[in-house]
Amino acid sequence: MKLFKRLYLGLILFFLYIPIIVLIVQSFNAGKSRAKWEGFSFRWYEELFHDPNIMNALVITLSIALLAALFSTIIGTFAAIGIHAMKRRPQNLMLTLNNIPMTMPDIVTGISLMLLFIFTQVERGFVTMLLAHITFDVPYVILSVMPKLKQMNKHSYEAALDLGATPMYALFHVILPEVMPGVITGAMLAFTLSLDDFTISYFTTNPLVQNLSTLIYSQARKGIKPTMNALSALMFVALLVLLLVVNRRTKEEEA
Amino acid sequence: MEEQRLISLENISKHYDGVTVLDNINLYIRKKEFVTLLGPSGCGKTTTLRIIGGFETADSGRVMFDGKDISGIPPYKRRVNTVFQKYALFPHLNVRDNIAFGLKLKKMPKDEIARKVDYMLELVNLKGYHKRSVESLSGGQQQRIAIARALVNEPEVLLLDEPLGALDLKLRKEMQLELKAMQQRLGITFLYVTHDQEEALTMSDTIVVMQGGKILQIGTPKSIYDEPQNAFVANFIGESNIFPGTMVRDELVHFCGVDFPCVDSGFGEDKPVDVVIRPEDILLVGEDVGQVTGVIKSVLFKGVHYEMMIDAGHSIWKVHSTTMQPEGSRVGLAVVPFNIHIMHPMEDEKPTEEKNQ
Amino acid sequence: MTNFQVPVWGYWMMGIGFAAFIGLLIAYIHKNRGFRRPIFASPYVLWLVIFTVIPCFLVAYFSFTDPQGNFTLDNFKSFWDSNYNARKALNPDDLALYESMGLSLDDLGLGRDSINIDTLVFSLWMAFLCTVICLLLGYPAAHIMADREFKLGPTLVILFVVPMWMNFLLRTIALMSLLEDNGVVNNVLEWIGVGRQKLLNNIPAVQAGMVYNFLPFMVFPIYNVLNKMDYKLSEAAMDLGCDKWHVFYKVTLPLSVPGVVSGITMVFMPAVTTFYISRLLGGGKVQLFGDLIEAKFLSTSLNEWNVGSALSLLMMILILLSLGLLNKVDPEGEGGGMI
């Protein structure tokens, strides 16, 4: 029975991970064919770094992720502090609104934002993609900062005011230092999500401004090239590392 | 005494979502006085404190400080400081930076800050704790730091919101004495909030008993204990026997089926009243000489005295006595007129409370 | 795209909205006699209104208008009217003529598009199948991992959590390359003598892709609930005379309902709305509701956007209904918590 249980779990995990593992292995295959193993090589990785399209997409992806993480962390942290201090009813309203971008399917979020940009005649491109990324990042930042605020002694802020601090001073010298771990987690989460996003980017950019995900998608529709394997493998590893770090941080904070 | 009023609350009312938390509070606090707001949780005592501290604004009424209306002044511009429930020390700062927080904001020179912090640490018996992280301190030590952090700013009034609530009994008793001594030494006005009647009796110059957003009685500990104005105060402060009765005429009250002589007058004739008798004021006498007779139902040893419940037919009497009578024996009970306290009956609160129980 | 005009009232709305926001902000600061903390949320409030609330209303607005901005319910008609497009393509006078001659559009060899409601029903069916498969595969897995005697459980569950956050597109591509004509699976099949099979571009491939992508979303909520469950409950049940099987369906199963419901929602919703899984693994031969919406928006014809908006609106309503249901069953969000 015990063996059977382990076997079962093993099979499911095998199903979940074998495509990724195979993909990573193939990215080191020297030959072009997927059918034969022609020896270990970094050939596709080299080609990857000499492909101007991919390099361009990489720069766009990273800069969008960095900027989106930066702005969403600032907006989200202040928003969390504000929402935390609200009375119950507006607080519930805000938390519900905050949930919309997280619960809506990506395709609906993407399309509604696309309609917004069409309606306001903003040309879709880098800026619109950045705005869209900030929009879906902020809720996660708020969700990371909120628990820290709840853990805080609810009188800390008042104690600072009581000792003569202005609200601004109290915010920067008392509240922010106390919630900093949550802010950092939130920023990392925002960065990862932004790096990871495909659907929303797909609808809020134009074909000339591609991030890695949309580039992979447009190329994969024509069939998978070995460089795509290499690129996917790299992204997998990067995301995996980021996720594990974020995961560990959250665990530590809970402890 | 008028000119010594430091803080006065004038017709303060406060509502939360339709619930009345404070109902027309009027109160003044003199300089160097130790005033305690006492009452069960939800009576409005903490809200009163927070209005004085500036963390809440009253819906109506004024807060006067030294003759000036401070109702609209934010907390950081008020000359009061607060010791918070659970201390609210800043966990990212060490002991010294916690205490120096307010002084740094006042742009005080560094050496003066250092001197004051040293002095405060000495005052609260935590010399040499400068560099310690506040989270490494015990509850009692954190408590002292919280007091030091507030006092170092030399406030005109120190507000304390159940500061000893999180400490164990022994430590609490020590801190009560220490706080009282500190207050007398520094000559600062203390406004103290607690639900612990013993704490209030031990430390205060003046006790303000609150319930349901109203002030029930203001007075010295002794006057509140000896002359409670209604059954709630009598019940909340110390233990008491409360009997419904009728004022036959001045200085004669009828309850438990017997007429008792008393010292109160001015209640009118044949008017319903509440009668309060403290358990330690009831004398156990021979069956033949007692004003009331009863059977001892139970005896509990309480350390300094025995607590006996005596069934006198239609009423149960709680009696504290240093001598014990065996269970089941018949005894006589007597009360000297001076120890019978007559109060106007509580119209609303009392019956509803009984229903809840 | 370029000939689209913002209606004049659109500019007015934007201007008035922004002015109202500034006004409210000032009024709020004034009312509180200074700066209060909730004011820090105001930039985000503005952001939410512009980038979340207004877009939702825009979807509704586009659903009920034609490209000229006039109110119409036409966009929903294509939903069940299979001749909608054909009829639209024809000159109305000609159409009247044909009809007077007693000819239907079918007779003319026009019309008979696959109607959108068919696609929706097919999508719902695929999502339903995917949910059932995920539940059947995932529940036992979650149950095994949540077993207190299974020490590896908490470690293994991380392996289920990580893919939840990992790019679906990448994982779909990984699966795609695995199933390709000369992919690893086919190599294995040939090696064991079954011979090469056509594994991609069919419905089972899409179904497999969906299960592969969404299985972790089923396992994790169920694991969460089972793990938090007091193990003493099952001990108590055994003490009262239940055998292992009875313990499971009298105690464990009923108590895990919130996790199951949460899992079902978390699998079903993305499964209904996916478009790239079907595009990549179905090779354009399998069309889901998400593909339909995507196609409408990639089209250059303006009318199609309005139809696409109508479809998105339907999807939003569908999602909100299932979320409402989830809130009823699992109000505490016990099954949730993704990290």
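In chain B, B:R249 sits across from B:L252 of strand β12 (helices, H or I of at least four residues, and strands, E of at least two, are DSSP runs counted from the N terminus). The strands involved are β11 (residues 241-249) and β12 (residues 252-255) of chain B, which run antiparallel and are joined by 3 bridges; two strands are taken to pair if DSSP finds at least two bridges between them. This is a predicted model, in which local features need pLDDT of at least 70, side-chain atom pairs count only at pLDDT 80 or more, and totals for chains, interfaces and linings use all residues. Residues are numbered from 1 along each chain as its sequence is written, while chains are lettered from A and ligands numbered from 1 in the order in which they are written.

Zooming out from that pair, β11 and β12 of chain B belong to an open sheet of 5 strands, ordered β13-β12-β11-β14-β20, with antiparallel pairing. The edges are taken by β13 (258-261) and β20 (341-343) of chain B; each has a single partner strand, so one side of each has no neighbour in the sheet. From one strand to the next, the twist averages 40° (axes are lines fitted to C-alpha atoms, for helices over the stretch in contact, and angles run from 0 to 180 degrees between N-to-C directions).

Elsewhere in chain B, strand β19 (residues 330-334) pairs with two others. Its partnership with β15 (residues 283-285) of chain B is antiparallel and uses 3 bridges, whereas 4 bridges tie it to β16 (residues 292-301) of chain B, again antiparallel. B:L333 of β19 turns up in both: it is the bridge partner of B:L284 and also of B:V292. B:L333 and B:V331 make up the covered face of β19 in chain B, with B:R330, B:G332 and B:A334 on the uncovered one.

Two loop residues of chain B are worth a look for their backbone angles. Most residues other than glycine have a negative phi. B:K86 has a positive phi near 55°, and B:E162 has a positive one near 40°. B:K86 lies in the loop between β6 and α2 of chain B, and B:E162 in the loop between β7 (157-161) and α5 (169-186) of chain B. On burial they part ways: B:K86 is partly exposed, with 17 other C-beta atoms within 10 Å, while B:E162 is buried, with 20. Here a residue is buried if 20 or more other C-beta atoms lie within 10 Å of its own, exposed if 12 or fewer, and partly exposed in between, with C-beta atoms placed from the backbone.

Chain B also meets chain A, with 20 residues of chain B in contact with 14 residues of chain A (contact means C-beta atoms, placed from the backbone, within 7 Å). On the chain B side, β6 (80-83) and α2 (95-105) each supply at least two residues, and α2 gives the most, with 3. By class, this side of chain B has 10 nonpolar, 7 polar and 3 charged residues; Ala, Val, Leu, Ile, Met, Phe, Trp, Tyr, Cys and Pro count as nonpolar, Asp, Glu, Lys and Arg as charged, and the others, Gly among them, as polar.

Chain A itself has 11 helices and 0 strands, and its C-alpha trace spans about 75 × 60 × 30 Å along the principal axes. Of its 255 residues, 51% are buried. Among contacts in chain A with a separation of 6 or more, 77% link residues 24 or more positions apart. Helix α5 (residues 106-119) of chain A is mostly covered, with 12 of its 14 residues buried, including A:D106, A:G110 and A:F117. Its end C-alpha atoms are 20 Å apart, which agrees with the 20 Å expected at 1.5 Å a residue (the expected span is 1.5 Å times one less than the number of residues). After α5 of chain A comes A:Q121, with a positive phi near 55°.

The contact between chains C and A takes 68 residues from chain C and 63 from chain A. Helix α2 (residues 42-63) of chain C brings the largest share of the chain C side, 13 residues, and that side divides into 52 nonpolar, 12 polar and 4 charged residues.

Definitions and conventions
Two residues are in contact if their C-beta atoms, placed from the backbone, lie within 7 Å.
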